[in-house]
Every structure is written in C-alpha cells, then in structure tokens.
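Reader: I have a structure open in front of me and would like to learn how to read it. Could you walk me through it, feature by feature?

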Amino acid sequence: MNERTHERTSADASTGGRAIVAKRVDSGVADTEEISDLARAAGYTVVDEITQTRTADAALQLGEGKANELAEAVRRTDVETVIFDNRLGPYQTYNLGQLLPEGVTVMDRFTLILEIFGQRAQTRKAQLQVELAELRYELPRVEAKASLAKRDEHPGFMGLGEYDESREQDIKDQISRIRDELDQIEQTEEQRRERRRDSGFDLVALAGYTNAGKSTLLRRLARDLEVEENEDLHPDLDATAESQDKLFTTLGTTTRRADIEPRNVLVTDTVGFISDLPHWLVESFKSTLDSVYRADLVLLVVDVSEPVEEIHEKLVTSHDTLYERNEAPIVTVLNKIDRVSDEELAEKREALSALAPNPVAVSAQEGSNVDALLERIDEELPDWERERLVVPMTDDTMSLVSWIHDHASVDDVTYGDDDVVISFLARPAVIDQARSRASDLQAAEV
C-alpha cells in the first residue's frame, strides 16, 4: 500500500506533469472536455481518461472494478497525477490513495480549480481569496483525519496526508483573519466605487463564464485601444486583463473607461463563472462578485458558438447567481458571432429568447456590432438629467465651473457681470453635488 500518495492543493503544488482524468456520471455519457481543459490550463498533459456511468460509490467514487482499472492505467502510463471531475470526499480520497501507485497525486475538480486560481492570483485580494478557499476545502479533511486518528488508522492517512491535532484550530483562526482582511479591502473598494459615482461615472460590469470573451470585450470597449499605455494615468485601476484562449485568465477585477459620449463609463471585467462550483468556493470569491452586484448595469457575456443546450444551462446558472443580490439591469451579449453562421445565430436567438429576450450579438475579437452594444449600454444606464445653475461671480466660482466640466457634459457657460450661468447634463448624484456647491457659493456671497 502507498502511504505517500496525497491530495494536492495549490499551496503546495508544482504545476505540470502527466495526468489521467477520471469522471463518473449517474447517466448518459461522461464528457471530459471541460476537466481536460482545466487540467491543461493548470499546465498538465492529459494522457488518458477513465469514465464510468453508474451511481457514486461511497468508498471510491468509481466502482471497485473501475477504480482498479484506473490504478492499472496509472501504472501503464506512468503518470504523476489523477484528476477527478467529481468532488471527492475525504474518505474517498483516503481509499483511492490505497489503490494507486506510490507517489501519485490525487486531486478532484475543486482542488484543480484552486491550483489554477493560485497560479493566476496576482493581487493581495485574489491571493487572500485563494487562501480562504483552500482553507475551506482543507477543513473537513482535517476533521476526517482526526476521526481516522481516533480509530488508529494508518499513520500516513494515504490520500489525506499526515495528521496534526492542532491544525483544525489553526485553520479556523486563519479563516477568521482572512475574512477580516477581505472585509477591510472590500470597504476600501466600496469607497472607491462611491467616489467614482460621485465623480459622475456610470459603473458597468462584465459577467459570464470563463472563456466567454469578457477580457477581449473590455479591450474593445476601452476608450484607449492600447490600454496598457494608459495604465500609469489611472493608478487606482487594476492591471489590464489578459485576452487569451485560456480559462481563468482574469482572477481579480480590471476596470477601464469606455467610449460612450457624453457619459463617463467605467467597465469592470470580473472572474468568470464555472459550472458546479460548491458554495464554499463561491463564498470565498464573493467580494470579487461585489463589482458585479453593485454596478449600474451588468453585461452577461456568453459564447454563442457553444451548443445551445450548454448556453441555456449557463444562462440559467448565471441568472441564479446574479439575481441573488444584483439589482441592476442585465443585458445578454452573444459574443463570438464570427464563429457561427447567420442562420445558426438566428436559431440560437430564438431558442434563448426566454432567458435573453433582447440580446446584443457581437464579435469582440473582430469588433463587429460593438457600436450597437455601446448604444445599448447608453440606453440601459440611468438617465442623465439637465440642470441650469446661476451662481455669483466669486473667487471660487471658476473652481465650480471646472468641477462641473470634469463630472458632467456641459452645454453652455455664460459669464455675466455679477453671475455665471452653467447649463449641463449629468447623473442625478452629480447634479445634487453641483447644487450643494452652488448653494455654498451663494451663502458665502450673502
């Protein structure tokens, strides 16, 4: 038996190597495309797969015969890692560890996702969220080790690793500490969002599944097409999102200014959704999703080149996630129309009409129909209001005129002998601030 087989998390993993993917489904045919894509995104080379259609085996996830077939495939291919597309319980990991050859790593879908997140986390917030998710994942496994220890099981705990009786409390203390730090970061980000709103910005969030093209769309909507050249001018904004044909290239959030005159619009790209995520993992990244929940408008981006059944399922899950806390209007963006025919696009529009009654179809890669999307964004965002202020000519009046120019769309400024008339279009919040500043000028003049 193998006492060195273990379960890997992103905190201690070295990426890459050869792997076998395994998947069990209750019925139908097991599709390993997504788990293989995830494995490759983490740097693994998938050399074989083991699938089974049956109810889950409580001890091994796979049936005993299929589990032995997996062990034989591992020996035959000499792989270092076995990746399950199913969620493995602590005891299933332990039992699988007894079957596999020495030195083989066992991980499930969620351990793999955490490994990818760990590789991609660049900001302090993203790193904290990954660490929190890892700890949430580890906690029940530590509890399982404690249970096994009480039963005098093998000291190596096979797939579970060594037992440390102080680890459970350490994990709980770390979770509490990380939550406190994330709360502080979120308070700072909420203050930033409010400052942007007070400065006259509308906030638009991009949401959707990984690899739907959100980062590419952000680049297309950005006022400065070569957004990297503009980064030093906006020190409060995160680094520009990558545009790659890879899963999870965006783990944190990226915000850029969009070209929608006369509005001042900030568009934020966020971490992509992925199917079948457990609650503890979604909860660990909830502060990232706050950028979506607290936007003025959400663009839900989907890859229209995918099978319509898959798009439908993703839209349902996305709506469930968004409508839980989101209050802003949602516009569905059917991206990658360059990959489908006009006939296929029309058929998918019709099939998805109940979930996406009035979508905008674009190709972010080629720029097709992006102007129509910009017009739709303008239509869906809160209406601006017209205002006309008459303020006395004082030493501070030009400061107010300059502020309104920065935060609104100014129609006209007329200078008289004793006063200044300013006509402009702006968000209601900006108009309220302008009125307050004008009142201060008038009170100071009295």
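Author: Gladly. Let us begin with a term: a residue counts as buried when its relative accessible area is under 20%, as exposed when that area is over 50%, and as partly exposed in between. This is a predicted model, and of the 446 residues of its chain, 52% count as buried.

Reader: How many helices and strands does the secondary structure come to?

Author: The chain has 14 helices and 14 strands. Among the contacts with a separation of 6 or more, 75% join residues 24 or more positions apart.

Reader: What should I look for inside?

Author: In soluble globular proteins, nonpolar side chains tend to be buried together. Here the largest nonpolar core has 23 residues, and those with the most contacts inside it include Val 204, Leu 217, Leu 299 and Ile 377. At least two residues of this core come from each of several elements, including strand S6 (201–208), helix H7 (214–221) and helix H12 (370–380). H12 gives the most to this core, with four residues.

Reader: Which residues does Leu 217 touch, not counting those up to four places away in sequence?

Author: Leu 217 touches Leu 206, Val 301, Val 333, Val 362, Ala 364 and Leu 373. Apart from the core just described lies another, of 21 residues, with Val 21, Ala 42, Phe 110 and Tyr 137 among them.

Reader: How do I read a single helix? Which residues of helix H13 are buried?

Author: In H13 (residues 397–407), the buried residues are Thr 397, Leu 400, Val 401, Trp 403, Ile 404 and His 407. Seen down the axis of H13, these buried residues fall within an arc of 160°, so they line one face of the helix. Met 398 is also found in H13, but this residue is partly exposed, with a relative accessible area of 42%. Together with Met 393 and Tyr 415, Met 398 makes a nonpolar surface patch of about 290 Å².

Reader: And what about the surface as a whole?

Author: The chain exposes about 20,700 Å², and carbon and sulfur atoms supply 43% of that area.

Reader: Now for charges: how many salt bridges does the structure hold?

Author: Side chains of opposite charge can pair when their charged atoms come close. This structure holds 21 salt bridges. In one of them, the side chains of Asp 48 and Arg 76 meet at 3.0 Å, N to O. That pair links distant parts of the chain, with Asp 48 in strand S3 (residues 44–53) and Arg 76 in helix H2 (residues 64–77), 28 residues apart. Asp 48 is partly exposed at 22% relative accessible area, whereas Arg 76 counts as exposed at 54%.

Reader: What separates Glu 168 and Lys 172 in helix H6?

Author: They are separated by about one helical turn, because they sit four residues apart in H6 (residues 167–198). Their salt bridge has its closest N and O atoms 3.4 Å apart. Glu 168 is partly exposed at 24% relative accessibility, and Lys 172 is partly exposed at 38%.

Reader: Are Lys 336 and Asp 303 buried or exposed?

Author: Lys 336 is buried, and so is Asp 303. Their side chains meet in a salt bridge at 3.3 Å, N to O. Lys 336 lies in the loop between S10 and helix H11 (342–351), Asp 303 in strand S9, 33 residues apart. Elsewhere, Lys 23, Glu 34, Asp 85 and Arg 109 are linked in a network of salt bridges.

How values were computed:
Residues are numbered from 1 along each chain as its sequence is written. This is a predicted model: local features need pLDDT of at least 70, side-chain atom pairs count only at pLDDT 80 or more; totals for chains, interfaces and linings use all residues. Side-chain values use heavy atoms; hydrogens and water are left out. Buried means under 20% relative accessible area, exposed over 50%, partly exposed in between (1.4 Å probe, protein chains only). Contact means heavy atoms within 4.5 Å. Accessible areas come from the Shrake-Rupley method with a 1.4 Å probe; for residues, only the protein chains shown count as cover. The arc is that of the directions from the helix axis to the C-beta atoms. Patches are made of residues with over 30% relative accessible area and no salt bridge: like charges are joined within 9 Å, nonpolar side chains (Val, Leu, Ile, Met, Phe, Trp, Tyr) within 5 Å. A salt bridge is a side-chain nitrogen of Lys or Arg within 4 Å of a carboxyl oxygen of Asp or Glu. A nonpolar core is a set of buried Ala, Val, Leu, Ile, Met, Phe, Trp, Tyr and Cys residues joined through side-chain atoms within 4.5 Å.
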